[in-house]
Every structure is written in structure tokens, then in C-alpha cells.
Amino acid sequence: MGKLSKYEKETIVNFNEKESEATIYTHNADLKRRLAEFSRKYPTLCRLKCQNMEGGVTYVMDKSRLSIRLVPPYSEERRAAARKYAKQHGFQILQMDEKIA
């Protein structure tokens, strides 16, 4: 099979209410790295089930170790505080030059 497009490189998390394990299929490089590290550190909780020729991996893990985090957008007050902190600690804001065509 040929190279997959970014659209085809899915991440699928699957679990149900009855079973204690979740299955995670992904092509995401960061998630693959994190799952590999977790499975090495905690082999009884997470294991590599299979990998495919296109670079996808499937891990099976104890679903009690899985978390889905929803992050609300920052308020303007929090963004202003972050900007102030960055300026005080030497971070610079990078701006793209606008090119007029």
C-alpha cells in the first residue's frame, strides 16, 4: 500500500462500559512515543498489540489509566498575565512579516 495522507492517519480510542481495557490505534508520532514509554514503564497496564506497514500502532491499556482532558480557551485576563510573564522573563513575541502582493 502507498503512503497515507494526513487525513488517513487517524487516532482511534475505543472502549466500552463493560471491559476494563481500551484500545488505541494511532499514527500520531508524539502519541506513539508516549504510549511506547508508558508500556515500557508499566507493562502490566499497557502493551503494544500490533503495528502496520503504514506506521500505525495499536496499544491495549487499562482504561482506568486513560484520561480525556478538555481544555477551555484562555480568558483575556489569563492571556495578558501570560504575556506579562513572558516579557519579564525574556521571551519574545515572534511576528510574521506581512507581505503585500
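**Entry 1: terms and model.** I take helices and strands as DSSP runs numbered from the N terminus, a helix being H or I over at least four residues and a strand E over at least two. I note at the outset that the model is predicted.

**Entry 2: the sheet.** I looked up the strand order first. The sheet is open and has four strands, in the order 1-2-4-3, with antiparallel pairing. Strand 1 (11–14) and strand 3 (46–51) are the edge strands, each pairing on one side only. From one strand to the next, I find a twist that averages 20°.

**Entry 3: strand 1 with strand 2.** I then went through the pairs in sheet order. Strand 1 and strand 2 run antiparallel and are joined by four bridges. The connection between them is a hairpin of six residues. Opposite Asn14 I find Thr23 of strand 2.

**Entry 4: strand 2 with strand 4.** Six bridges pair strand 2 with strand 4 in the antiparallel sense. I record Val57 of strand 4 as the bridge partner of Thr26.

**Entry 5: the faces of strand 2.** Which side chains of strand 2 are buried, and which are not? I find an alternation along the strand: Ala22, Ile24 and Thr26 point to one face and are buried. Glu21, Thr23 and Tyr25 point to the other face and are not buried.

**Entry 6: strand 3 with strand 4.** Strand 4 covers residues 57–62, and five bridges join it to strand 3 in an antiparallel arrangement. Within this pair I followed Arg47, which lies in strand 3. Arg47 stands opposite Val60 in strand 4. I find the two C-alpha atoms 5.5 Å apart in space, although Arg47 and Val60 are 13 residues apart in sequence.

**Entry 7: surroundings of Arg47.** Is Arg47 buried, exposed or partly exposed? Its relative accessible area is 43%. I class Arg47 as partly exposed, because buried requires under 20% and exposed over 50%. Leaving aside residues up to four places away in sequence, I list Glu21, Ser39, Thr58, Tyr59 and Val60 as touching Arg47.

**Entry 8: Thr58.** One of those contacts, Thr58, is found in strand 4. I read its relative accessibility as 11%. Thr58 therefore counts as buried, the limit being under 20%. What does Thr58 touch, not counting residues up to four places away in sequence? I list Thr23, Ile24 and Tyr25, together with Arg47, Leu48, Lys49 and Cys50. Of these contacts, Ile24 points to the buried face of strand 2, whereas Thr23 and Tyr25 point to the other.

**Entry 9: helix 1.** I next placed the helix against the sheet. Helix 1 (residues 29–41) lies across strand 1, strand 2 (21–26), strand 3 and strand 4. I find that helix 1 runs at about 45° to strand 4.

**Entry 10: the largest pocket.** I looked up its volume, which is about 340 Å³. Its lining consists of Thr11, Val13, Ile24, Leu31, Arg34, Leu35, Phe38, Met61, Arg65, Leu66, Ser67 and Ile68. Which element gives the largest share of this lining? Helix 1 does, with four residues. I also note that strand 1 and helix 1 each supply at least two residues of the lining. Sorted by class, the lining has eight nonpolar, two polar and two charged residues. Ile24, one of the lining residues, is also among the buried side chains of strand 2 and among the contacts of Thr58.

Notes. Residues are numbered from 1 along each chain as its sequence is written. This is a predicted model: local features need pLDDT of at least 70, side-chain atom pairs count only at pLDDT 80 or more; totals for chains, interfaces and linings use all residues. Side-chain values use heavy atoms; hydrogens and water are left out. Two strands pair if DSSP finds at least two bridges between them. Axes are lines fitted to C-alpha atoms, for helices over the stretch in contact, and angles run from 0 to 180 degrees between N-to-C directions. Contact means heavy atoms within 4.5 Å. On a 1 Å grid over the protein atoms alone, a cavity is a set of points where a 1.4 Å probe fits but cannot get out, and a pocket is an open set with protein on both sides within 12 Å along at least five of seven lines; lining residues have an atom within 4 Å of a point. Grid points are joined across faces, edges and corners, and a volume is the space filled by probe spheres set on the points. Ala, Val, Leu, Ile, Met, Phe, Trp, Tyr, Cys and Pro count as nonpolar, Asp, Glu, Lys and Arg as charged, and the others, Gly among them, as polar. Buried means under 20% relative accessible area, exposed over 50%, partly exposed in between (1.4 Å probe, protein chains only).
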